[in-house]
Amino acid sequence: MAGAAALVTAMLAGTASAAWPEKAVTIVVPWPAGGPSDIAARPLSKGLSEALGQPFVIDNRAGAGGNIGTNLVAHAKPDGYTLMITASGPIVINQHLYKKMPFDAKTDLKPITNLLKVPQVIVVHPSVPANTLPELLAYIRAQKGNFSWASAGNGTTQHMTGELLKTMTKLEMNHIPFKGSAPAINDLVGGHVPMLIDSTIAVVPMIKSGKAKAIAVTGKQRASQLPDVPTVEESGIKDLKGFESYAWYGLFAPANTPADVVARLEKASLDYMRTPEFRHVLESASSQYVGSDPAAFAAFINEDAKRWARIAPTLNLTLD
């Protein structure tokens, strides 16, 4: 009897996942509206809605460096109706900064595909009297510890990139964490903070409009949207030789989401990512096409986690 009951349960579960989606799907973005994760999530949600015949609705759940929204998804029912699009912070960085994590990204989440991989940009308010990285570092040193810089929040790649810059150059500057890129950019443009580090996808519009001044990009090559802005390494600062940092944004489901649901999400996502509409997103973000299957995305995450595991202890940061 027990065996028969188990068989019936398995058959019902298979039937349920085969019919997926039968209702709206929530995509949690653990960052405020208007930030880089949102810029990746909103076009993809539209593409998934069109491909799979149900609404894919964005739910912004910001806070604690992405941990609040990520924890919600990590402990959601694994039925395909709660997904997440996030930057890398809560997946590979926060574990090194918070003593207590409410989830284990490696075991509680299922990677589906990478969406974007973009360099960071060091930008300043136009009033800052520096146009190159050497000039900016000299200006910061002249402030004798009275210089502040902003990021999208504690534990974000933006934050860690700034801390790496600070450590490698022995700069004295004060970090101001915001609850996402959008409010940080607003304060930079408003002149409330002199410097910001954020991804190309977030700051290129502000740079092109003249509301922010680009100093350097953190990728290995120059960003396609900012061809006149040198890389950090091109700036010729001996202490920053080999400096490189990227942000990435990916699609996740709770662990144990049915394999056929994951497969359908993967196919629909990759199909949409090959369209002219999403290619425009890639070009605007200075991102390469990085769509991949779940196994390849998991391997990419594992390598990035190893990298931050090496770097994080050298920064001496704890956030709780």
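Is Asn256 buried or exposed? Asn256 is exposed, because its relative accessible area is 71%, and the cut-off for that label is over 50%. Keep this residue in mind while we walk through the chain, since we will come back to it at the end. One thing to know before setting out is that you are looking at a predicted model.

Let's begin with the whole chain. Its secondary structure amounts to twelve helices and nine strands. Measured off along the principal axes, the box that holds the C-alpha atoms is roughly 80 × 40 × 30 Å. The radius of gyration is 21 Å, which agrees with the value near 20 Å that a compact globule of 320 residues would have. Of the 320 residues, 52% are buried. If you take the contacts between residues at least 6 apart in sequence, 79% of them join residues at least 24 apart.

Now for the surface and the charges. The chain exposes about 13800 Å², and 55% of that area is supplied by carbon and sulfur atoms. There are 29 positive and 26 negative charges, and the mean positions of the two sets lie 4 Å apart.

From here, let's step inside to strand 3, which covers residues 82–87. Six of its six residues are buried, so strand 3 is largely enclosed by the rest of the structure. Both faces share in this: Thr82, Met84 and Thr86 point one way, Leu83, Ile85 and Ala87 point the other way, and all are buried.

Strand 3 also has pairing partners to look at. Strand 1, made of residues 25–29, pairs with strand 3 in the parallel sense over three bridges. In strand 3, Met84 has Val28 standing opposite. The pairing of strand 3 with strand 9 is antiparallel and runs over four bridges. Here Ile85 stands opposite Leu251 of strand 9.

Some backbone details deserve a stop as well. In the loop between helix 1 (2–19) and strand 1 you will find Pro21. The peptide bond that joins Trp20 and Pro21 is cis, with omega at about 0°. Further along, Lys144 sits in the loop between helix 6 (133–142) and strand 5 (148–151). Although Lys144 is not a glycine, its phi is positive, at about 50°. Lys144 counts as exposed because its relative accessible area is 68%.

That brings us back to where we started. Asn256 belongs to the loop between strand 9 and helix 10, and its phi is near 75°, again a positive value in a residue other than glycine. What about Thr257, is it buried or exposed? Thr257 is found in the loop between strand 9 (246–254) and helix 10 (259–273). Its relative accessibility is 9%, so Thr257 counts as buried, the cut-off being under 20%. Leaving aside residues up to four places away in sequence, Thr257 touches Pro78, Gly80 and Val262. So this loop holds both Asn256, exposed with a relative accessible area of 71%, and Thr257, buried at 9%.

Terms used: Residues numbered from 1 in each chain as written. Predicted model: local features only at pLDDT ≥ 70, side-chain atom pairs only at ≥ 80, totals over all residues. Heavy atoms only, no water. Helix = DSSP H or I, 4+ residues; strand = E, 2+ residues; numbered from the N terminus. Buried < 20%, exposed > 50% of the residue type's maximum accessible area, 1.4 Å probe, protein only. Contact = heavy atoms within 4.5 Å. Rg over C-alpha atoms; globule rule 2.2 N^0.38 Å. Areas by Shrake-Rupley, 256 points an atom, 1.4 Å probe, with all protein chains shown as cover. Lys, Arg positive; Asp, Glu negative; His and termini not counted. Charge placed at Lys NZ, Arg CZ, Asp CG, Glu CD. Pairing = 2+ DSSP bridges.
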